[in-house]
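Thank you for making the time this morning. I would like to walk you through one model, beginning with the annotated sites and ending with the contact between the chains.

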Amino acid sequence: MRLLILDDEKDVCHFAAKLVKKRINEYAPTEDRPFVLGLPTGGTPKKMYDRLVEFYQEGQLSFKHVITFNMDEYVGLPIEHPESYHSYMWQNLFKHVDIDPENVNILDGNAPDLQLECANYEAKMQQLGGVKLYIGGIGPDGHVAFNEPGSSLASLTRVKTLNMDTIRANARFFGDDISKVPTQALTVGVRTVMNAEEVLILVSGAHKAMALRMAVEEGINHMCTASAFQMHPNAIFICDDDSTLELRVKTVKYFKDLMKVHAKIAD
Amino acid sequence: MTLITRFTNCRVLRNGKLIRDDLYVRDGKIIDYMQIFYEERRKCDIALDCKGRIIAPGFIDLQINGGFGYDFSHDCEKIESAVREVAQRLLSSGVIGFCPTLVTSDPAVYPEVLKKIRKETGGKHGAAILGLHLEGPFIAMDKRGAHNPSYVRTLENGVCDLTDVYGNDLSSVAIVTLAPELDIRREVIKYLSSRGVRVALGHSTASLRDAEIGASNGASLITHLFNAMPLFHHRDPGVVGLLTSEVSPRPLFYGIIADGVHTHFETLRIAHRINPQNLVLVTDAISAMGLENGKHFIGDMQVVIEGKRATIDGTSTLCGCVSSLDFCVRQFHAASGCSIEEALEAASLHPAQALGLANKGSLDVGSDADFVIVNDDIQIQSTWIAGEMVYSL
């Protein structure tokens with residue numbers, strides 16, 4: 001596991017975008033050999049998407065042969081709802097780039113058979129040879145996608161009933177009306193992300209400091225699902241200074257020392 | 001399979017704001033392409049680069065008496081071709097729909113015109129005909145303006161007087177301008193409103209009380225505010241008083257001629273600040289609109305055009321507006337100090353609302369793809385009806 005410590009959220013996102021660009025371009029995807037990319041939603045990755053759009057506009061990156069798999073979506077929320085993750089992805093990335101609509105995969109929270117939808121999603125990733133690079137954020141409780149504390153670290157894509165903390169935290173997106181917040185979501189599992197060849201976790205802000213500490217300094221524990229990536233052969237946490245507040249000085253120094261090497265991985 | 005067109009690199013006027021966004025059109029309607037992207041997995045067929053310009057809803061002119069040498073009220077015999085020709089040529093001023101306006105005329109004219117000029121959708125052939133605007137003959141003699149006094153009528157017998165002139169079939173009529181004080185039986189405005197005709201108050205000497213009764217009975221517009229009505233009087237504000245009346249069930253839309261000739265800039269500013277959401281720009285254009293400088297005949301009058309002024313030859317009497325609607329939008333923007341968004345909506349959203357046209361005047365999903373592309377100086381670059389380009393510079 002690598003931990004990169006950068007100054008602020010902007011640096012985190014720009015670094016992540018650069019790495020995504022590098023991975024796609026060095027793979028040189030074609031129609032028969034597409035690049036399979038896992039994508040997150042949320043506050044932190046927004047600037048990463050902005051940067052990716054800039055790369056596209058500058059002609060440095062194309063999504064023509066990229067297949068995407070998003071992490072999650074609410075159950076029962078119409079896709080045109082401004083808080084749906086379909087809307088998020090459309091506004092932040094898809095409408096700006098040359099991605100083929102056939103290549104976009106987001107879990108359908110309105111599918112008649114949700115279990116089947118999840119099983120198909122998982123199967124489709126495997127048919128395509130697995131995800132090359134999965135990008136994720138983490139929640140203040142260390143959750144990845146909707147894998148809240150207590151989720152099995154062996155979980156695959158499934159229907160998840162959201163806990164009260166998550167519902168309360170999300171009320172701000174639904175006019176502060178808790179009754180409007182969806183109570184269920186479809187989400188990839190921890191193992192789904194673990195199955196990717198490479199995992200990139202973006203962390204920014206002081207409110208994520210406890211989660212980052214749990215994820216990188218404590219043991220592997222389902223109460224902080226992001227800690228599972230300690231076992232991933234190729235996982236990178238990219239975080240800003242603020243989110244390292246709860247780490248030990250030793251940990252920070254160790255990884256800051258390594259920045260000489262790590263800073264080059266996206267070049 | 002129908003094509004999806006994407007207008008990109010543009011600023012779209014939505015909810016009163018210019019937003020950097022793309023506009024998508026399919027089957028002549030504005031669509032939410034995101035849903036198609038996810039559900040139909042369709043790509044856009046055509047992408048058009050708008051070069052950073054503004055896309056605004058197409059303009060609607062509720063009051064236009066003619067133009068390009070044609071006068072709807074004088075050329076009744078060839079009114080169909082006159083309307084058709086004007087409809088075509090209005091496209092270059094960004095107009096996607098209009099109400100051909102008939103001033104007070106010989107009663108014999110009405111049944112003919114009402115039969116000949118039907119509502120019609122727009123397209124390459126011209127702007128949509130949204131219904132006639134019958135300005136008169138039920139107007140106040142004292143405020144008849146240039147209308148022929150021998151045809152001016154009253155409404156003593158209420159609806160009977162109305163149908164005597166207009167007939168029973170009002171399906172081709174969108175707006176009737178009348179003086180509310182004439183509706184002494186208080187049935188004519190109600191009758192018209194109940195038949196889907198918008199009643200505009202104008203050419204009137206009404207007291208505020210009479211005007212308010214008119215509004216309560218269904219009138220929803222004021223015809224060319226300040227023109228053809230008594231000067232604003234502080235003890236009885238008359239029709240002008242409707243703008244802030246608390247008795248009127250809803251704010252009335254009010255037409256304004258913003259050609260820089262008919263209404264002083266300061267007056268425009270006053271009109272704008274009272275109730276900007278209800279201001280409607282109209283041209284009230286005459287046949288000389290669109291003609292070159294020089295001497296022209298309108299009916300039997302000789303008219304001199306100098307720039308944006310048209311006067312009766314040998315006098316200084318103004319004889320109507322010769323400016324196009326896009327010019328009025330620019331003038332209004334410059335004069336009132338309003339935002340570009342407000343100026344554009346005054347010629348699109350507000351007239352559409354005044355007519356109750358839910359599918360026009362906005363670029364919301366589901367609306368007709370009738371719009372203009374303008375630069376930052378509000379110069380028309382192109383006009384589109386039902387997603388098809390019908391004019392380009």
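Before I name any site, please keep in mind that UniProt positions are given here in the numbering used for this model, that feature names are shortened, and that annotations may be inferred rather than shown by experiment. I should also say at once that this is a predicted model.

With that caution, the UniProt annotation "binding site", which comes from an unreviewed entry, covers Ala146(B), Asn227(B), Ala228(B), Arg235(B), His262(B), Leu318(B), Cys319(B) and Gly320(B). These residues span 175 residues in sequence, and their farthest two C-alpha atoms are 31.0 Å apart, so they do not all gather at one spot. Even so, the lining of the second largest pocket takes in Ala146(B), Asn227(B), Ala228(B), His262(B), Leu318(B), Cys319(B) and Gly320(B) from this set. If you want to find Leu318(B) on the screen, look in the loop of chain B between strand S21, residues 309–312, and helix H8, residues 325–336.

UniProt, again in an unreviewed entry, also places the feature "binding site" at Glu135(B), His203(B) and His224(B). Although these residues are spread over 90 residues of sequence, they cluster in space, with a largest C-alpha distance of 11.0 Å. Of these residues, His224(B) is included in the lining of the largest cavity, and Glu135(B), for its part, lies in strand S13 of chain B, which covers residues 132–135.

Turning to chain A, UniProt lists residues 8–228 for "domain: Glucosamine/galactosamine-6-phosphate isomerase", once more from an unreviewed entry. The end C-alpha atoms of that span lie 25 Å apart, and the span is 33% helix and 15% strand.

How, then, do the two chains meet? In this model, 14 residues of chain B are in contact with 14 residues of chain A, and the area buried between the chains is about 1,300 Å², of which carbon and sulfur atoms give 63%. Which residues of chain B lose the most area to chain A? They are Met34(B), Tyr38(B) and Arg41(B), which together account for 50% of what that side buries.

As for polar interactions, the rule finds two salt bridges across this interface, and Lys95(A) forms a salt bridge with Asp21(B), where the closest N and O atoms are 2.7 Å apart. On the side of chain B that touches chain A, helix H1, residues 33–39, gives the most, with six residues. By class, that side of chain B has five nonpolar, one polar and eight charged residues.

Conventions:
Residues numbered from 1 in each chain as written. Chains lettered and ligands numbered in written order. Predicted model: local features only at pLDDT ≥ 70, side-chain atom pairs only at ≥ 80, totals over all residues. Heavy atoms only, no water. Contact = heavy atoms within 4.5 Å. Buried area = accessible area lost by both parts, 1.4 Å probe. Salt bridge = Lys/Arg side-chain N within 4 Å of Asp/Glu carboxyl O. Helix = DSSP H or I, 4+ residues; strand = E, 2+ residues; numbered from the N terminus. Nonpolar A, V, L, I, M, F, W, Y, C, P; charged D, E, K, R; others polar. 1 Å grid on protein atoms, 1.4 Å probe; cavity = no way out; pocket = protein on both sides within 12 Å on 5 of 7 lines; lining within 4 Å.
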